[in-house]
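Please look over the sequence and the model shown here before reading on. The report after them is meant for a reader who has not met this structure before.

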Amino acid sequence: MSPDILKNLNSGIGDLRPYEPGRSIDEVVAEFGHHEVVKLASNENPLGASPKALSILTELENDLHLYPDGNGTKLKKEIADHENVAFDNIIIGNGSNEILELAARAFLSPNTSAIASKHAFAVYKIVTKSSGASLTEVPSCNWGHDLKSFDDYLDSGTRVIFIANPNNPTGTYNTHEEVHSLLKKVPSSVLVVLDCAYFEYVTKDDYVRPIDLLNKFDNLLITKTFSKIHGLASIRVGYGVANPSLVEALNRIRQPFNVNTIAQAMACKAINDHEHIRKSMELNSQQYEFLFDQLSTLGLDCIPSVGNFITFKGNFVGKEIFDSLMKKGVIVRCVDLYDMKDYIRVTIGTEAENLKFLRALEDLL
Ligand SMILES: Cc1ncc(COP(=O)(O)O)c(C=O)c1O
């Protein structure tokens, strides 16, 4: 094909690197012929999907010939009850990534910019640059977002600030006070996206209380997901919580049937599966301690994490360990894209998965 077509790509896309998803089990089995592969690469829930969500698959009504409810009526009601906000405060997305993208499409364009921390979740750069805008990266502080200095980077072109709380891949978090202080300093015309994909895993008392901030700040968009603690990464559902006029503006550019019927029905069940959420949190806390301790004993330098993953460094090149672990049937994540070439990110799995990973890693060190 003639490369002429690529000359007319929108500005910002030319030098963009695509998001690198974790390698799938099928891919690794096909490449290396393993019988058993452990995937600890994408911060999924090792206990699997919410059993309540799974149970609806056998009792699906025969309405799959109909378009989904484009307004997400039942699901938004469940989310509103769960978050203790009104129905009109909620927008649902095809994963929370879609909400991030809608925010960028609605507010960013060439000659505007967004702010995010260095080492912040990769999708912020992708959605910002895809909108033709530029991304200003604020230097991190102990691998976390230095929210105190974010306002130093604001200028007349700033339209959006992205905060990952907790952040992926560093696992760091910002306190309620830190987020609140930043919101007080940011002009009310600048959108602040508070990405809480790992919200449910955080057990810190001073962690952000996003909904408390909602009534005070009309420029706040909180995002959450069903991909992590609810174990529904494959069905692609996330949501945003914001004031109704902001939600209404984002709905104007949302695809009409962005969340399919099965996904909506499963998410409705998952959000009320308190037992699955409790077990998942419990397993994560217990295995975090175990894994952190074992990695540290191996002489590896772990960044303390409040999420369901640990990013650590050793005397190695991340990509090499990533490849070698894959050959041993363990998929982790290399974080080159985040300018962390010496690091590896591992999702906290079940005890058996973590042991398989640790044994494989120990063999390589
Ligand atoms: C910080 C953060 N935000 C958002 C997402 C997007 O999740 P999803 O689109 O599956 O809801 C992820 C996924 O890994 C993440 O790590």
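What follows describes strands, helices and a few single residues in turn.

## Basis of the model

This is a predicted model, in which local features need pLDDT of at least 70 and side-chain atom pairs count only at pLDDT 80 or more, while totals for chains, interfaces and linings use all residues. Residues are numbered from 1 along each chain as its sequence is written.

## Strand 6 and its partners

Helices (H or I, at least four residues) and strands (E, at least two) are DSSP runs, numbered from the N terminus. Strand 6 covers residues 191–195, and 5 of its 5 residues are buried, so the strand is largely enclosed by the rest of the structure; a residue is called buried if 20 or more other C-beta atoms, placed from the backbone, lie within 10 Å of its own, exposed if 12 or fewer, and partly exposed in between. Leu-191, Val-193 and Asp-195 lie on one side of the strand and Val-192 and Leu-194 on the other, and both faces are covered.

Strand 5 (residues 158–164) pairs with strand 6 in the parallel sense over 5 bridges, where pairing requires that DSSP finds at least two bridges between two strands. Within this pair, Ile-163 has Leu-194 of strand 6 as its bridge partner. Between the two strands the chain passes through helix 7 (residues 176–185), and this β-α-β crossover is right-handed, that is, with the strands pointing away from the viewer, the path from the first strand over the helix to the second runs clockwise. Strand 6 also pairs in the parallel sense with strand 7 (residues 220–225), over 4 bridges, and there Val-193 stands opposite Leu-221.

## The loop after strand 5

The loop between strand 5 and helix 7 holds Pro-166 and also Pro-169. The peptide bond from Asn-165 to Pro-166 is cis, with omega near 0°, and the bond from Asn-168 to Pro-169 is cis as well, with omega near 15°.

## An antiparallel sheet

An open sheet is formed by 4 strands in the order 9-10-13-12, with antiparallel pairing. Strand 9 (301–303) and strand 12 (333–334) stand at the edges with a single partner strand each, so one side of each is left without a neighbour in the sheet. Strand 10 (residues 309–313) and strand 13 (residues 343–347) pair over 5 bridges in the antiparallel sense, and Phe-312 has Ile-344 of strand 13 as its bridge partner.

## Two packed helices

The axes of helix 11 (residues 274–297) and helix 13 (residues 351–364) come within 11 Å and cross at roughly 10°, the axes being lines fitted to C-alpha atoms over the stretch in contact, with angles from 0 to 180 degrees between N-to-C directions. The two helices are therefore roughly parallel to each other, a description used for angles under 35 degrees, with over 145 counted as roughly antiparallel, 65 to 115 as roughly perpendicular and the rest as oblique.

## Leu-40 and Asn-43

Leu-40 is found in the loop between strand 1 (38–39) and helix 3 (51–55), and this residue is buried, with 27 other C-beta atoms within 10 Å. Asn-43 lies in the loop between strand 1 and helix 3 and, with 23 C-beta neighbours inside 10 Å, counts as buried. Although Asn-43 is not a glycine, its phi is positive, at about 55°.
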